[in-house]
Amino acid sequence: MKKLILLLPLILVNSCGSYNSIDSFYEAHKNDNQVTAIRVPQFMFTLVSEISPEMKSLVGNTRDLRYMQFPSKTESQTRFLNTQMNNFASSSFIEVFRKNDELKRNVVSIREKRDVVKEILIYNNDNATGSFLYFNGNFDPVKVRELAKNNQFEEFSKGLLPQMNLGTPGISQ
């Protein structure tokens with residue numbers, strides 16, 4: 001009985017912590033209207049790494065790569081996405097870059113384990129579209145800060161859809 005009482009708080013904390021995880025967010029919103037959701041399989045990392053030489057070195061250490069793009073044309077859509085990013089950033093991510101311009105946002109957040117960056121979350125919102133780009137792997141913190149400072153994650157995000165050749169098959173605009 002004592003073991004059960006000790007396990008119950010751990011299970012509760014774990015379940016609450018995972019609510020704001022990338023996995024739960026991705027699963028909850030991948031089927032939303034007008035959302036583009038990409039989870040890049042391992043065999044396509046070499047294709048994605050051709051976007052730039054900097055990204056080639058970064059993608060080489062990636063185990064999971066996801067991209068989601070949302071419509072953000074109304075103030076309520078923009079506020080929702082900004083709130084989601086703030087929830088991620090406040091739950092064990094460390095912000096390494098943020099640029100706010102009214103409701104527009106550019107944010108780069110990371111999770112570290114010792115001297116290695118394990119996760120990178122890039123959020124961009126220009127009041128027309130909002131996007132989340134997520135990397136999981138082992139990354140050099142100095143390299144990540146340099147890429148964030150030089151806005152190369154945003155360039156990578158813009159180059160991802162054309163590089164993957166993933167227009168929206170079957171859906172005409």
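**Exercise 1.** Is A128 buried, partly exposed or exposed? Place the residue and list its contacts.

*Solution.*
- The model is predicted.
- Locate the residue: A128 sits in the loop that links strand 5 and strand 6.
- Apply the cut-offs: under 20% is buried, over 50% is exposed.
- A128 has a relative accessibility of 31%, so A128 is partly exposed.
- List the contacts, skipping neighbours within four places in sequence: A128 meets F70, P71, S72 and K73.
- Check one distance: the C-alpha atoms of A128 and K73 lie 4.6 Å apart, although 55 residues separate the two in sequence.

**Exercise 2.** In what order do the six strands form the sheet, and which strands stand at the edges?

*Solution.*
- The order is 1-2-6-5-4-3, in an open sheet with antiparallel pairing.
- Strand 1 (36-40) and strand 3 (94-101) are the edges. Each has a single partner strand, so one side of each lacks a neighbour in the sheet.
- Neighbouring strands are turned by 5° against each other on average, with direction ignored.
- Now take one pair: strand 4 (residues 104-113) and strand 5 (residues 116-125) run antiparallel and are joined by nine bridges.
- Then add the helices. Helix 5 (residues 75-90) packs on the sheet and touches strand 2, strand 3, strand 4, strand 5 and strand 6. The direction of helix 5 makes about 165° with that of strand 5.
- Helix 2 (residues 22-29) lies across strand 1, strand 2 (62-71), strand 5 and strand 6 (129-139). Helix 2 runs at about 45° to strand 2.

**Exercise 3.** Describe the setting of E119 in strand 5.

*Solution.*
- Start with accessibility: the value for E119 is 12%, so E119 counts as buried.
- Find the bridge: E119 is the partner of R111.
- Find the side-chain partner: a polar contact of 2.5 Å links E119 to Y134.
- Complete the list: beyond four places in sequence, E119 touches F93, S109, I110, R111, Y134, F135 and N136.

**Exercise 4.** Which residues of helix 6 (residues 141-149) are buried? Work out how they are arranged, then examine the helix ends.

*Solution.*
- The buried residues are P141, V144, L147 and A148.
- Seen down the axis of helix 6, they fall within an arc of 125°, so they line one face.
- The background: an α-helix has 3.6 residues a turn, so residues three or four places apart point the same way.
- V142 and K149 are exposed on the other side of helix 6.
- At the N-terminal end, D140 is the cap: a side-chain oxygen lies 3.2 Å from the backbone nitrogen of V142.
- Just after helix 6, N151 has a positive phi of about 60°.

Methods. Residues are numbered from 1 along each chain as its sequence is written. This is a predicted model: local features need pLDDT of at least 70, side-chain atom pairs count only at pLDDT 80 or more; totals for chains, interfaces and linings use all residues. Side-chain values use heavy atoms; hydrogens and water are left out. Two strands pair if DSSP finds at least two bridges between them. Helices (H or I, at least four residues) and strands (E, at least two) are DSSP runs, numbered from the N terminus. Axes are lines fitted to C-alpha atoms, for helices over the stretch in contact, and angles run from 0 to 180 degrees between N-to-C directions. Contact means heavy atoms within 4.5 Å. Buried means under 20% relative accessible area, exposed over 50%, partly exposed in between (1.4 Å probe, protein chains only). A polar contact is a pair of N or O atoms within 3.5 Å; within protein, one must be able to donate a hydrogen and the other to accept it, and residues adjacent in sequence count only if both atoms are side-chain atoms. The arc is that of the directions from the helix axis to the C-beta atoms.
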